[in-house]
There are 2 protein chains.
Amino acid sequence: MTVATQHIQLDHGTGAVLSGELVDFIARTLGDVYVGEMEDSAVLPVEGDRIAMTTDSFVVDPPFFGNGDIGKIAVCGTVNDLAVSGAVPRYLTLGLILEAGLSFDQLERVLTSVRETAREARVQIVCGDTKVVRAGEADQLYLNTSGVGFFLREPLRMDAVRPGDAVILSGPIGNHTVHLLSIREGLGFESRVLSDCAPLNLMIDSVFAAVPREAVRSMRDVTRGGLSAVLHEYAGRMGKAITIHEQSLPIQHETAMAADMLGINPLNCANEGCLAIFADPAAAPDIVAALRGHEYGRHATVIGEVTGRDGAAVVLRDADGRESTLQPLRGAELPRLC
Amino acid sequence: MTVATQHIQLDHGTGAVLSGELVDFIARTLGDVYVGEMEDSAVLPVEGDRIAMTTDSFVVDPPFFGNGDIGKIAVCGTVNDLAVSGAVPRYLTLGLILEAGLSFDQLERVLTSVRETAREARVQIVCGDTKVVRAGEADQLYLNTSGVGFFLREPLRMDAVRPGDAVILSGPIGNHTVHLLSIREGLGFESRVLSDCAPLNLMIDSVFAAVPREAVRSMRDVTRGGLSAVLHEYAGRMGKAITIHEQSLPIQHETAMAADMLGINPLNCANEGCLAIFADPAAAPDIVAALRGHEYGRHATVIGEVTGRDGAAVVLRDADGRESTLQPLRGAELPRLC
């Protein structure tokens, strides 16, 4: 620590010398993943004639949790949004809104996570911005990451999904939400149920290495709104029913227990490292194998299929073949999970 | 208004049906400047083999002011950061952090400003993100815009500035800060001193149409930290003194009066539509003429020059030729002006 104070002050956000010291601290902590040049814009080479672009703000409560923090989530969220479009994530921006009084130790912890996750995902932080608000005008810190990726393959689109396609899930659902709620509510589950927060782009690359591009119709990272929101989005877009085999859903035992205790459904839970892939059923075994070969996809499995049945429903089929309709949630009242 | 409630609720941020309604409302209000496709990433054509990329978060207090609001500032800030690098701003992302309880009317007002300013600046909003935090966890709303621009000309760099270069200012300083502080403090100046908030990219285009690219060494929009911060940044980078002619500084009379009353120096005030251009002195008259031909540059003028004198000082010269050194501000204690 070479900054003159141990806590963020309003003056760190006002553009004068203290602001400069804060920017230096950020750049130094981000290390080699930060390629900003202190100009107003970064000038960056692009490959191809199309880019992917996305943005996400992060207001995670609590910002520090068992196996991650808001910095890790902020990189993963934007990397994953780019990667599921078929792009190779390359450049990230980093916007910080800091509450006065935040300690430099906490900021350093977040920036270290940003650095390590960016390294893992092989992306660069190309520019940043920092604002400071008065105590009580934010809850510790909020982040925004926006990202640009390149298309080394044809972009994926929702509209490519068709009846008969398999629905593949890359890993267990519910863990991120249960982990955070357990910390918030003091339930004690957080050491047994970890957040799934992870950058998925390299795992997605391994899927494309295993099967032809056309076999993968579309994919989504399963975040806010949970798997239910993703399935309803696709069913609604196609006007066809999607059937899910309940017993095939990967849900960790402790997660199911905790969700039950909390009165929440893992299908509605936010995740931060889980992928839903809509694919040619003939390619599904190879896709599942490719996912399972990656540390973030060990529990990958086919969970259902797109049917030819008209109507935008999501149908749950239990082990005995009984069907029920999964209703879309109007609200979830589980704020600030990402 | 076709949303089921008049105020933002936590559930508008949780990814379920209410989130979808909010996103629809945002897309509808943004109208034709919004080209998002409700995929996780936008897929966008690029021109050339380099892009400019920048990010800015906005925490303006108050978010609504006399001749603008946080939405207008959010578009101008990012458009201007791209344009001063020599890029043509093209794509903007829009991240919203909303405090529960914010009215849809207020949100609509902000989004309408985003739309109108994006139209004026000829940029598109290509994707967005919305988070809702509990009442007391933000102050109404915070925005982030990140942007991508194309280089139809060679990028501008600080390092191109050299001794002898003229320093040109496109318009009066201090107005944005005085306008906002007058509202905050109830001073009654706000109707006589308006914010200068404006997208400067088309005015910058007119400068490049008037003089050869090489005549313009580098430019900055004069925002947080004020003209003082910009001049100190350049002087520090070059290790040369910059001399400013005090009597040539464009400062509106009411602004000087209000600044005096508030105990602040217009040189340290944040602006939102003011440009500092470092240029070949031979081209300075044509640049000033080009600026004055544009509504945001009517008061453009040469304010000083880069000297050959060693040392990173900013020197103020008064009408009698007396010189004093402008000290960089350590902090300004004027938070949330942008």
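Two strands count as paired if DSSP finds at least two bridges between them. The legends below describe close-up views of a predicted model.

**Figure 1. Strand 10 of chain B and its two partners.** Strand 10 (residues 240–245) of chain B pairs with strand 12 (residues 301–310) of chain B in the antiparallel sense, over 4 bridges. With strand 13 (residues 314–317) of chain B, strand 10 pairs in the parallel sense, also over 4 bridges. Thr243(B) can be used to find both pairings: Glu305(B) stands opposite Thr243(B) in strand 12 of chain B, and Val315(B) stands opposite Thr243(B) in strand 13 of chain B. Strand 10 of chain B is mostly covered, with 5 of its 6 residues buried.

**Figure 2. Strand 8 of chain A, covered on both faces.** In a regular strand, side chains alternate between the two faces of the sheet. In strand 8 (residues 166–169) of chain A, Ala166(A) and Ile168(A) lie on one side, and Val167(A) and Leu169(A) lie on the other. These four residues are all buried, so both faces of strand 8 are covered; buried here means under 20% relative accessible area. Strand 8 of chain A pairs with strand 11 (residues 275–279) of chain A in the antiparallel sense over 4 bridges, and Ala279(A) in strand 11 is the bridge partner of Ala166(A). An antiparallel pairing over 4 bridges also links strand 8 to strand 12 (residues 301–310) of chain A. There the bridge partner of Ile168(A) is Val302(A).

**Figure 3. Two annotated domains of chain A.** An unreviewed UniProt entry gives the annotation "domain: PurM-like N-terminal" to residues 39–150 of chain A. Over residues 39–150 the chain is 29% helix and 44% strand, and the end C-alpha atoms of this stretch are 23 Å apart. The UniProt annotation "domain: PurM-like C-terminal", again from an unreviewed entry, covers residues 162–315 of chain A. Residues 162–315 are 34% helix and 21% strand, with end C-alpha atoms 16 Å apart.

**Figure 4. The surroundings of Asn201(A).** Asn201(A) belongs to helix 5 (residues 201–210) of chain A. Asn201(A) has a relative accessible area of 4%, so it counts as buried, the cut-off being under 20%. Leaving aside residues up to four places away in sequence, Asn201(A) touches Val79(A), Asn80(A), Ala83(A), Pro89(A) and Ala121(A). The side chain of Asn201(A) also reaches the backbone oxygen of Ala121(A), at 2.9 Å.

**Figure 5. Helix 2 of chain B and its N-terminal cap.** Helix 2 (residues 70–83) of chain B has 14 residues, which should span 20 Å at 1.5 Å a residue. Its end C-alpha atoms are 20 Å apart, so the model agrees with the expected span, which is 1.5 Å times one less than the number of residues. Asp69(B) caps the N-terminal end of helix 2 of chain B, with a side-chain oxygen 2.8 Å from the backbone nitrogen of Gly71(B). The helix is mostly covered: 14 of its 14 residues are buried.

**Figure 6. Backbone exceptions in loops.** Most residues other than glycine have a negative phi, and most peptide bonds are trans. Arg122(A) is not a glycine, yet has a positive phi of about 60°. Arg122(A) sits in the loop between helix 3 (104–121) and strand 6 (124–133) of chain A. Its relative accessibility is 62%, so Arg122(A) counts as exposed, for which the cut-off is over 50%. Gln140(A), also not a glycine, has a positive phi of about 70°. Gln140(A) is in the loop between strand 6 and strand 7 (141–150) of chain A, and is partly exposed, with a relative accessible area of 24%. In chain A, the peptide bond from Asp61(A) to Pro62(A) is cis, with omega near 0°. Pro62(A) is in the loop between strand 2 (50–58) and strand 3 (64–65) of chain A. In chain B, a cis peptide bond joins Asp61(B) and Pro62(B), with omega about 0°. Pro62(B) lies in the loop between strand 2 (50–58) and strand 3 (64–65) of chain B.

**Figure 7. The contact between chain B and chain A.** The contact takes 82 residues from chain B and 82 residues from chain A. The two chains bury about 6500 Å² between them, with 53% of that area on carbon and sulfur atoms. In chain B, Asp40(B), Met53(B) and Arg330(B) lose the most area to chain A, together 12% of what that side buries.

Notes. Residues are numbered from 1 along each chain as its sequence is written. Chains are lettered from A and ligands numbered from 1 in the order in which they are written. This is a predicted model: local features need pLDDT of at least 70, side-chain atom pairs count only at pLDDT 80 or more; totals for chains, interfaces and linings use all residues. Side-chain values use heavy atoms; hydrogens and water are left out. UniProt positions are given in the numbering used here, feature names are shortened, and annotations may be inferred rather than shown by experiment. Helices (H or I, at least four residues) and strands (E, at least two) are DSSP runs, numbered from the N terminus. Buried means under 20% relative accessible area, exposed over 50%, partly exposed in between (1.4 Å probe, protein chains only). A polar contact is a pair of N or O atoms within 3.5 Å; within protein, one must be able to donate a hydrogen and the other to accept it, and residues adjacent in sequence count only if both atoms are side-chain atoms. Contact means heavy atoms within 4.5 Å. Buried area is the accessible area (1.4 Å probe) that two parts lose on being put together, summed over both.
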